[in-house]
Amino acid sequence: RPLRYIGVAAGLILSWLVYGWFTTERWNDEIEHWQTVRIGIVQPNEVPDLGPPKYYPGYSQTFPAEMDMSKRLVTGGAGLVIWPEAKYKGYFDHPRVREAYAKQVSSLGVPLLFQDLDQSIAAEEKDKHATFNSAALLGAQGELANTYAKIKRIPLGEYVPWADELPSLKTLVNAFFGEFLNDIAQGRSQHSFTVQDKALVPLICYETMFPEFVAGAVSTLKTGGIITALSSDGWFGNSLQPYQHIYSSVLRAVENRVPLIHALNKGPSIAALPNGRIIFISEYHKAGGYLVDLPHSGETQRSFYTRHPHAFINSVYILFITVFSFALWRNFRSRT
């Protein structure tokens with residue numbers, strides 16, 4: 001009997017590997033026929049700082065170094081420029097910054113995707129104390145085309161769990177963490193950004209770690225999509241955490257069968273295909289701008305996982321319960 005069970009297990013594993021090999025080959029052939037879009041990735045390599053933003057000589061809040069690099073990337077043919085999650089920019093809070101960004105992006109004639117802290121949503125609802133960690137898309141004319149507020153926040157970093165039910169807990173945590181704790185409000189809904197014939201699925205940092213959450217965002221697409229993740233992992237120093245983060249995010253591309261761009265403040269930034277192949281990875285701890293020709297499909301494609309994100313884990317639970325129940329039954333029979 002043990003040999004029979006081993007044979008069944010080996011057969012299942014072999015079938016899985018063969019299926020994976022054929023599927024990978026099919027996706028390789030399909031991706032070869034996709035069109036490419038040239039995307040510019042800006043990697044500022046900023047050192048995380050809780051104080052006010054610092055600017056290099058010759059740059060300012062209305063003209064950051066990222067904007068200068070964006071101009072160079074557009075000169076190189078970028079059809080979309082992406083900045084990572086980084087320092088506070090003041091785009092939502094200061095009209096002069098919005099006007100400057102609008103003029104500069106309009107002169108480039110290329111959409112810009114970036115991250116900033118946003119209180120405008122709260123102001124509309126007369127809640128002056130709420131701040132959202134948001135991704136903003138500026139259209140080719142410099143207009144604010146769309147925003148997305150981060151939904152999956154970092155516990156004890158961006159909010160205090162159960163703080164509404166236990167106000168004293170929030171006071172205690174604030175006293176312990178001090179300035180390291182940001183009070184970030186939770187976003188309200190998942191949605192995509194439309195850029196010409198492409199749909200961008202915006203994710204901010206920590207959100208790439210939730211498979212079902214990302215599948216829910218991809219399921220909202222009405223045209224071919226690209227997962228665009230904006231992160232800042234500089235708080236982890238020279239550890240392997242940034243590599244763990246980007247490699248785990250590649251799984252989201254494979255699960256949903258859409259390409260991925262993951263831009264990190266200090267690197268490494270990556271571009272990955274739906275078959276899991278990484279076609280670009282930048283240097284770690286190095287500032288620069290990078291051009292990536294990313295294949296993408298103009299058609300809406302929803303993988304089995306995108307349509308049924310809970311099917312696999314539920315199957316594992318059912319299998320576990322079945323095996324456990326069978327073992328109990330066999331044990332009960334042997335005793336009686």
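1. The crossing of helices H6 and H7 is right-handed. This is a predicted model, and every point below should be read with that in mind. H6 covers residues 211-218 and H7 covers residues 241-256. Their axes come within 10 Å and cross at roughly 50°. That angle makes H6 oblique to H7, because it lies neither under 35 degrees, where a pair counts as roughly parallel, nor from 65 to 115, where it counts as roughly perpendicular.

2. Which residues make the contact between H6 and H7? From H6 they are Pro211, Val214, Ala215 and Val218, and from H7 they are Arg252, Glu255 and Asn256. Sorted by class, this contact has four nonpolar, one polar and two charged residues.

3. Several residues of H6 are buried, namely Phe213, Val214, Ala215, Ala217 and Val218. Among them, Val214, Ala215 and Val218 also appear in the contact with H7. The buried residues of H6 have further partners besides H7: they pack against strand E5 (144-149), strand E7 (198-204), strand E8 (225-231) and helix H8 (304-307).

4. Strand E8 deserves a closer look through one of its residues, Thr228. Is Thr228 buried or exposed? Thr228 has a relative accessible area of 1%, so it is buried, the cut-off being under 20%. Leaving out residues up to four places away in sequence, Thr228 touches Ile82, Leu113, Leu200, Val201, Pro202, Leu203 and Ile261.

5. A second pair of helices can be described in the same terms. Two packed helices are described by the angle between their axes and the distance between the axes. For H2 (residues 65-75) and H3 (residues 95-108), the angle is about 15° and the axes are 10 Å apart. H2 is therefore roughly parallel to H3. The crossing in which H2 passes H3 is right-handed.

6. What does each helix bring to the contact of H2 with H3? H2 supplies Met67, Ser70, Lys71 and Val74, while H3 supplies Tyr101, Gln104, Val105 and Leu108. By class, the contact has five nonpolar, two polar and one charged residues.

7. Next come the aromatic side chains. The whole structure holds 15 aromatic pairs. One of them joins Trp27 and Trp34, with 6.1 Å from centre to centre and 85° between the planes. This pair is edge-to-face, because the planes are over 60 degrees apart. Trp27 and Trp34 are both buried.

8. Tyr101, already met in the contact of H2 with H3, also pairs with Tyr91. Their ring centres are 5.6 Å apart and their planes stand at 45°, so the pair is tilted. Tyr91 sits in the loop between strand E2 (80-82) and H3, and Tyr101 sits in H3 itself, with the two positions 10 residues apart along the chain. Both tyrosines are buried. They also belong to one aromatic cluster, which is made up of Trp83, Tyr91, Phe92, Tyr101 and Phe114.

9. His296 is found in strand E12 (residues 288-296). With 4% relative accessibility, His296 counts as buried, because buried means under 20%. Which residues does His296 contact, its neighbours within four places in sequence left aside? They are Trp34, Gln35, Thr36, Val37, Asp197, Lys198, Ile226 and Pro259. Trp34 in this list is a member of the edge-to-face pair with Trp27.

10. Gly7 lies in helix H1 (residues 2-32). Its relative accessible area of 42% makes Gly7 partly exposed, because that class lies between the 20% limit for buried and the 50% limit for exposed. The C-alpha atoms of Gly7 and Asn265 are separated by 49 Å, and these two residues are 258 residues apart along the chain.

11. Some totals for the protein chain complete the note. The secondary structure comes to nine helices and 12 strands. Of the 336 residues, 44% are buried. The C-alpha atoms fill a box of roughly 80 × 60 × 40 Å along the principal axes. Among contacts between residues at least 6 apart in sequence, 69% join residues at least 24 apart.

Key: Residues are numbered from 1 along each chain as its sequence is written. This is a predicted model: local features need pLDDT of at least 70, side-chain atom pairs count only at pLDDT 80 or more; totals for chains, interfaces and linings use all residues. Side-chain values use heavy atoms; hydrogens and water are left out. Helices (H or I, at least four residues) and strands (E, at least two) are DSSP runs, numbered from the N terminus. Buried means under 20% relative accessible area, exposed over 50%, partly exposed in between (1.4 Å probe, protein chains only). Contact means heavy atoms within 4.5 Å. Axes are lines fitted to C-alpha atoms, for helices over the stretch in contact, and angles run from 0 to 180 degrees between N-to-C directions. Angles under 35 degrees count as roughly parallel, over 145 as roughly antiparallel, 65 to 115 as roughly perpendicular and the rest as oblique. A crossing is left-handed if the near helix is turned anticlockwise from the far one by less than a right angle, and right-handed if clockwise. Ala, Val, Leu, Ile, Met, Phe, Trp, Tyr, Cys and Pro count as nonpolar, Asp, Glu, Lys and Arg as charged, and the others, Gly among them, as polar. Rings of Phe, Tyr and Trp (its six-membered ring) pair if their centres lie within 6.5 Å; planes under 30 degrees apart count as stacked, over 60 as edge-to-face and the rest as tilted.
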